[in-house]
There are 2 protein chains.
Amino acid sequence: MTQSRPRIVPEATVARLAVYLRVLAGLADGGRSHVSSGELAAAAGVNPAGLRKDLSYLGPCGVRGVGYSVAGLQERLSAALGVERSRACVLVGMGRLGAALADYAGFASRGFEFVGLLDADPARVGDRVSGCTVRPVEELESVVAGTQASIGVITTPAEVAQSVCDRLVAAGVRSILNFAPVALSVPAGVDVRKVDLSVELQVLAFLDQQRDGGPPPVVVPVPAGAGGAR
Amino acid sequence: MTQSRPRIVPEATVARLAVYLRVLAGLADGGRSHVSSGELAAAAGVNPAGLRKDLSYLGPCGVRGVGYSVAGLQERLSAALGVERSRACVLVGMGRLGAALADYAGFASRGFEFVGLLDADPARVGDRVSGCTVRPVEELESVVAGTQASIGVITTPAEVAQSVCDRLVAAGVRSILNFAPVALSVPAGVDVRKVDLSVELQVLAFLDQQRDGGPPPVVVPVPAGAGGAR
DNA sequence: GCGACTTTGTACCTGCGTTCACAAGCGGTT
DNA sequence: AACCGCTTGTGAACGCAGGTACAAAGTCGC
């Protein structure tokens with residue numbers, strides 16, 4: 001029974017499921033056949049109860065008193081995450097970041113295959129990266145149509161990200177991973193995930209500052225006190 | 001009393017403040033002097049009320065009936081995020097991703113300067129990336145000590161990430177940005193942020209699969225049938 | 001065959017983040 | 001000088017995610 005309706009899986013849980021799947025791969029390589037939620041949670045850096053709750057969204061998949069079957073869980077998670085079948089990805093913007101992503105082994109090993117690499121710069125067109133030839137961005141539509149790509153990755157400058165996004169969506173791509181520092185607007189039914197690298201560093205800088213100088217950056221003259229917080 | 005204590009700023013808010021700051025830079029370039037919360041929120045891709053609440057953590061910084069001064073807000077946010085003074089960063093693992101990050105213009109323009117690039121591979125030592133020479137990872141401690149780096153970026157393979165992390169912490173680094181697909185364990189007082197690229201793609205794959213299997217036509221087909229999994 | 005131990009799965013609770021809605025404040029206008 | 005419209009700032013409700021604690025269930029030992 002394909003019970004696709006009953007439980008909706010929170011997005012935060014989905015992200016963790018992917019982490020569990022990777023940890024399981026390591027355990028399988030180590031020859032392990034079973035794992036407890038405690039051990040798996042420790043390796044994934046989460047709370048054991050939270051892990052069990054995450055897995056329970058897929059239905060009962062462990063054995064009480066024993067733990068989880070490594071192989072069984074791998075299969076369950078792979079099916080849930082849709083990693084069973086390989087997914088075709090198109091990447092637009094072959095700068096250094098784009099080149100790094102196209103060549104990232106972590107993608108290929110998880111069923112993500114870059115079938116199209118595009119760039120607007122004629123100097124980059126023709127380069128071969130990770131077994132794929134860079135093509136001019138004008139061919140975006142034909143590449144998407146010809147490869148049935150379902151995922152688009154945007155690593156262009158911010159100025160052109162929206163137009164590239166629009167073209168990807170028009171060509172039929174419904175999942176987009178955006179590295180450009182802009183908020184993309186897309187029609188309903190299209191999913192966008194944004195990775196903003198400089199934001200990550202700025203958050204760290206903020207935490208760093210909060211730790212060092214208790215006094216806030218506000219211009220108000222606060223005499224003293226104001227402990228470090230966090 | 002006069003001014004309340006430094007309110008604690010939620011981490012989710014901090015991340016958005018960084019986005020606002022970038023949007024403001026664009027507005028300033030465009031010659032704008034004032035913005036309303038609605039317009040700023042639209043550009044940042046968030047809810048206007050949420051934006052106002054975010055900014056309110058810094059104390060009142062707008063003018064009712066008018067909006068926010070672009071220059072004033074930029075200054076306020078820069079101070080709050082600790083972007084006023086430049087921050088020294090050390091990057092370990094000069095693979096393609098590491099090289100892309102070290103050369104990423106978005107970092108330098110926001111006050112993040114890579115003062116140390118390290119790699120374990122002798123073949124990469126000596127390379128010059130973005131005006132900095134790659135040095136052997138053995139010099140990690142001396143580089144951190146000599147440059148007073150406060151942020152460490154880890155782009156090594158997963159196997160060595162924890163040991164690199166331990167050495168960074170021991171050397172005095174208290175903020176770490178981790179791109180390796182492992183959960184790092186650090187002592188209290190050290191902040192770690194993790195960016196997991198393959199997880200992002202897997203979440204998209206999940207959403208993609210969920211979309212295909214559910215909403216489009218009518219209800220769920222086939223009430224009976226075998227082949228569990230899902 | 002039975003008891004006890006182990007581990008899962010889940011219900012409850014707590015806290016946070018987000019959204020809605022409204023009062024307060026400022027500028028412009030008459 | 002007073003009114004009016006616009007926008008901010010904030011109080012309150014909602015929903016969600018995470019954590020704790022406990023009961024169900026299965027295995028192993030005797």
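Helix α3 (48-56) of chain A and helix α3 (48-56) of chain B each give at least two residues to the surface near DNA strand D. Helices here are DSSP runs of H or I, at least four residues long, and strands are E runs of at least two, numbered from the N terminus. "Near" means that a heavy atom of the residue lies within 4 Å of the strand.

This is a predicted model, where local features need pLDDT of at least 70, side-chain atom pairs count only at pLDDT 80 or more, and totals for chains, interfaces and linings use all residues. Residues are numbered from 1 along each chain as its sequence is written, chains are lettered from A and ligands numbered from 1 in the order written, and side-chain values use heavy atoms, without hydrogens or water.

**Around DNA strand D**
- The strand is surrounded by 23 residues.
- The closest are Arg16(A), Lys53(A), Arg64(A), Ser37(B) and Tyr68(B).
- Nine of the surface residues are nonpolar, seven polar and seven charged.
- Sugar or phosphate accounts for 62% of the strand's atoms within 4 Å of the protein, and bases for the rest.

**Atom pairs with the strand**
- The side chain of Arg64(A) has an N or O atom 2.6 Å from a base nitrogen of DNA strand D.
- A backbone N or O atom of Cys61(B) is 3.0 Å from a phosphate oxygen of DNA strand D.
- Asn47(A) has a polar side-chain atom 3.4 Å from a phosphate oxygen of DNA strand D.

How values were computed
Polar contact = N/O pair within 3.5 Å; in protein donor to acceptor, adjacent residues only side chain to side chain. Nonpolar A, V, L, I, M, F, W, Y, C, P; charged D, E, K, R; others polar.
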